[in-house]
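Work through the exercises below with the model open. Try each task before reading its solution.

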Amino acid sequence: MFRPVRLVLLIHNHQPVGNFDHVFEDAYQRSYLPFLEVFERFPPLRISLHISGPLFEWLEQHHPDYIDRLAALVRAGRIEIIGGAFYEPILAMIPTHDRIGQIAAYREFLEERFQTTVRGMWVAERVWEQSFTRDIVDAGIRYTVLDDFHFKTAGLEEDELFGHFVTEDEGRILSIFPGSERLRYSIPFREPAETLAYLRHAGERHPKAVVVFGDDGEKFGTWPMTYKHVYQDKWLERFFTALLENADWLEVCTLGEAFQAVPPMGRIFLPDCSYREMTEWALPPKRQLELEHLGHELGAASQWARLRPFIRGGFWRNFRVKYPESNEMYSRMLGISRRLMELSTKAMPPERKEWLHRARRELYRGQCNCAYWHGAFGGIYLPHLRHAVYRQLILAEQCLDQAEGKPEAWVEDGVEDFNFDARPEVRLANDKLVLYVAPVVGGHIYEMDVRSVHHNLLGTMTRRPEGYHHKVLKRAEQQAGQVASIHDIVVFKQEGLDKAIVYDQYPRKALVDLFLPAGLRAETLANQQFEQLGDFATGEYQAKIQRRADRVRLTMTREGSVSGQVIRLTKAITLSAGSPVVEVAYLLENLPPECPWEFAVELNFAGLPPGVPDRFYRNGDGQILGDLSTVLSLPHQTEISVVDQWLGLDLTLRTSRPAGLWTYPVGTVNGSEAGFELVYQSVAVVPHWRVLPDSAGRWLVTLELAVQTAQASERCENGALVTSSS
């Protein structure tokens with residue numbers, strides 16, 4: 001008779017910072033609560049449970065009785081609480097002091113709440129780099145779980161992975177369990193007998209075998225079609241029953257019990273890696289498709305099984321290359337983290353020190369991973385998650401301003417490599433707004449924070465190719481009569497998505513300078529089906545800053561070509577203390593007597609959803625022109641407002657010269673676990689002019705963007721606008 005096989009069920013429950021309340025509630029009702037109710041009825045079973053910090057805070061507020069039930073099971077020894085970084089950041093995205101801070105803070109929080117000892121942790125998305133070892137150990141953790149894929153990329157075979165291994169960095173020792181990819185795909189999607197057969201086979205070959213299932217709790221009810229399968233069809237009850245019926249050879253235990261009972265199988269150093277699917281998502285779209293096609297071509301061949309352990313995709317950090325928007329959030333977050341560290345070393349009164357503690361909590365929330373990447377789930381393409389990250393970071397910065405003791409009205413500037421591209425960017429800020437400008441990339445404003453509502457108006461997404469777009473286009477071909485393979489059959493959450501796939505010629509930011517053919521239509525611009533006549537949209541500008549006590553001005557100049565004619569464009573951005581107005585002056589020089597083209601300035605605004613009645617366009621006469629899904633093409637305009645009554649924002653753009661005016665919504669076609677859909681990301685407002693130069697070949701125009709938030713301030717005073725939990 002072989003010795004018992006130890007099966008560890010490690011359930012990971014997570015919802016990101018900023019997710020909708022109804023999403024939390026749905027996951028609670030369909031996954032977290034019913035799983036607990038079934039588990040409570042099987043007393044001999046023991047599991048390990050990780051609940052991410054954002055979800056834990058929501059549960060404490062909305063369902064504290066659930067936490068109390070968990071606490072009773074912890075006291076009974078049936079649940080081991082697993083820690084992690086508090087707000088579920090990817091460890092590779094945050095600096096060492098924040099890694100240690102988040103892990104230690106959550107461990108201490110959980111130990112106090114459950115009156116238990118926490119020594120294991122969940123690594124967010126199992127993104128691993130060897131140097132994390134020392135930070136994890138320094139935060140008080142002794143063991144964790146990664147995927148068996150990590151171990152296979154290090155050269156081990158599946159038959160060698162029924163236990164745990166020790167790894168080391170700078171003298172810190174950590175035990176790592178391999179989580180079974182096979183069980184990830186069989187639980188709960190295969191019959192329990194299949195899992196039992198696999199475990200029995202493992203026990204026959206490996207005395208003291210430990211097999212770890214570590215995966216999302218949401219797959220037990222929240223994932224598509226799983227609620228009926230897991231609960232109504234009683235898969236989970238049948239699974240738990242089968243485990244108990246085989247208790248003579250199978251012990252279901254916690255991760256900590258396996259760690260204590262079974263000695264390490266050896267030493268291991270794992271390469272930079274994540275679970276298999278994540279490494280594929282991190283690849284550029286073209287290479288991602290090539291890997292997918294390679295798998296399809298060789299999948300049935302015997303050599304593929306031998307080759308697969310040696311093949312992996314990309315490096316997680318390259319999501320910041322694949323999505324510059326991710327890098328924008330990352331660099332903003334890192335700047336706040338550094339400033340917090342610097343201020344923490346300075347002497348200040350206790351009441352101002354308290355602002356540092358609040359800043360650290362908001363910073364940690366802004367490090368939540370989900371908005372920084374994209375795979376089978378929406379991730380970075382979900383606007384509410386991106387805006388939640390910026391909201392927390394803006395709140396953190398305001399806390400730091402309080403700690404620093406800034407006056408009521410102020411203005412400042414800075415020149416630094418803010419986004420870590422080895423080129424300088426410019427920061428213009430006052431007590432109302434914060435602007436980040438990239439002179440070397442079209443002179444764009446790439447971030448515009450409205451401090452009173454903690455919102456980045458330029459938290460946009462550029463439309464770009466994704467590896468799965470070919471499936472959308474193949475679907476259109478299939479509907480046209482062509483045959484698609486089973487790998488190309490996909491679920492559409494709406495029709496006509498193939499026509500919505502558009503790729504942008506330039507980033508979706510503000511002050512994008514365009515020279516366009518005369519007579520262009522708004523729809524043509526929206527679909528990017530035009531030829532730029534100039535090289536200014538993403539060209540490099542020379543920059544200088546002028547400072548006064550109450551205002552700063554950034555002036556950017558570029559000589560470039562428009563239809564073969566060399567012209568000079570100068571734009572100046574002015575920000576004044578105490579003012580919610582951004583002033584922009586444009587000067588075009590060296591113009592020919594007749595200009596057979598139009599000059600346009602594109603501004604994109606994010607977080608203002610189209611298709612709802614309380615978000616709309618309004619002209620200078622107060623007339624509502626339609627909701628933000630409206631494509632407008634208006635002549636001779638000097639003023640337009642973009643209004644979001646829910647957020648309390650009123651953006652008014654005024655021009656010194658009458659302009660033609662285009663508006664259009666910007667959406668991306670995205671894949672998710674539930675299918676493909678169109679997600680609206682931003683709205684574009686584009687004033688444009690037929691340029692008539694003066695006798696000296698010059699032409700100028702001024703723009704004024706006024707950001708009013710009086711409605712939001714009133715709601716804050718009435719307690720109706722909640723910007724952050726305590």
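The exercises cover a strand, the cysteines, a pocket and two cavities.

This is a predicted model, in which local features need pLDDT of at least 70, side-chain atom pairs count only at pLDDT 80 or more, and totals for chains, interfaces and linings use all residues. Residues are numbered from 1 along each chain as its sequence is written, and side-chain values use heavy atoms, with hydrogens and water left out.

**Exercise 1. Place strand β3 in its surroundings.**

Step 1: fix the terms. Helices (H or I, at least four residues) and strands (E, at least two) are DSSP runs, numbered from the N terminus. Buried means under 20% relative accessible area, exposed over 50%, partly exposed in between (1.4 Å probe, protein chains only).

Step 2: check burial. Strand β3 spans residues 79-84, and 6 of its 6 residues are buried, so the rest of the structure largely encloses it. On one side lie Ile79, Ile81 and Gly83, all buried. Glu80, Ile82 and Gly84 cover the other side and are buried too.

Step 3: find the partners. Two strands pair if DSSP finds at least two bridges between them. Strand β2 (residues 47-51) runs parallel to β3, joined by 4 bridges. Here His50 faces Ile82 of β3. Strand β4 (residues 120-122) also pairs with β3 in the parallel sense, over 2 bridges. Trp122 of β4 is the bridge partner of Gly84.

Step 4: trace the connection. β3, helix α4 (residues 96-114) and β4 form a right-handed β-α-β unit. Right-handed means that, with the strands pointing away from the viewer, the path from the first strand over the helix to the second runs clockwise.

**Exercise 2. How many disulfides does the structure hold?**

Step 1: apply the cut-off. A disulfide is a pair of cysteine sulfur atoms within 2.5 Å. The count is 0.

Step 2: look at Cys368. Cys368 is in no disulfide, and the nearest cysteine sulfur, that of Cys370, is 4.5 Å away. Cys368 is buried, at 3% relative accessibility.

Step 3: add Cys253. Its relative accessible area is 0%, so Cys253 is buried.

**Exercise 3. Describe the second largest pocket.**

Step 1: define it. On a 1 Å grid over the protein atoms alone, a cavity is a set of points where a 1.4 Å probe fits but cannot get out, and a pocket is an open set with protein on both sides within 12 Å along at least five of seven lines; lining residues have an atom within 4 Å of a point.

Step 2: size and lining. The second largest pocket holds about 520 Å³ of space. It has 25 lining residues, with Gly335, Glu416, Phe418, Arg427 and Tyr436 nearest its centre. α16 (324-344) gives the most, 9 residues.

Step 3: sort by class. This lining has 8 nonpolar, 3 polar and 14 charged residues. Ala, Val, Leu, Ile, Met, Phe, Trp, Tyr, Cys and Pro count as nonpolar, Asp, Glu, Lys and Arg as charged, and the others, Gly among them, as polar.

**Exercise 4. Characterise the two largest cavities.**

Step 1: take the largest cavity. It contains about 100 Å³ of space. Of its 14 lining residues, Asn13, Tyr32, Phe35, Leu49 and Tyr66 are closest to the centre. α1 supplies the largest share, 5 residues. The lining comprises 11 nonpolar, 3 polar and no charged residues.

Step 2: take the second largest cavity. About 80 Å³ of space lies inside. β8 (210-216) gives the most to its lining, 3 residues. By class, that lining has 7 nonpolar, 2 polar and 2 charged residues.

Conventions. Points joined across faces, edges and corners; volume = space filled by probe spheres on them.
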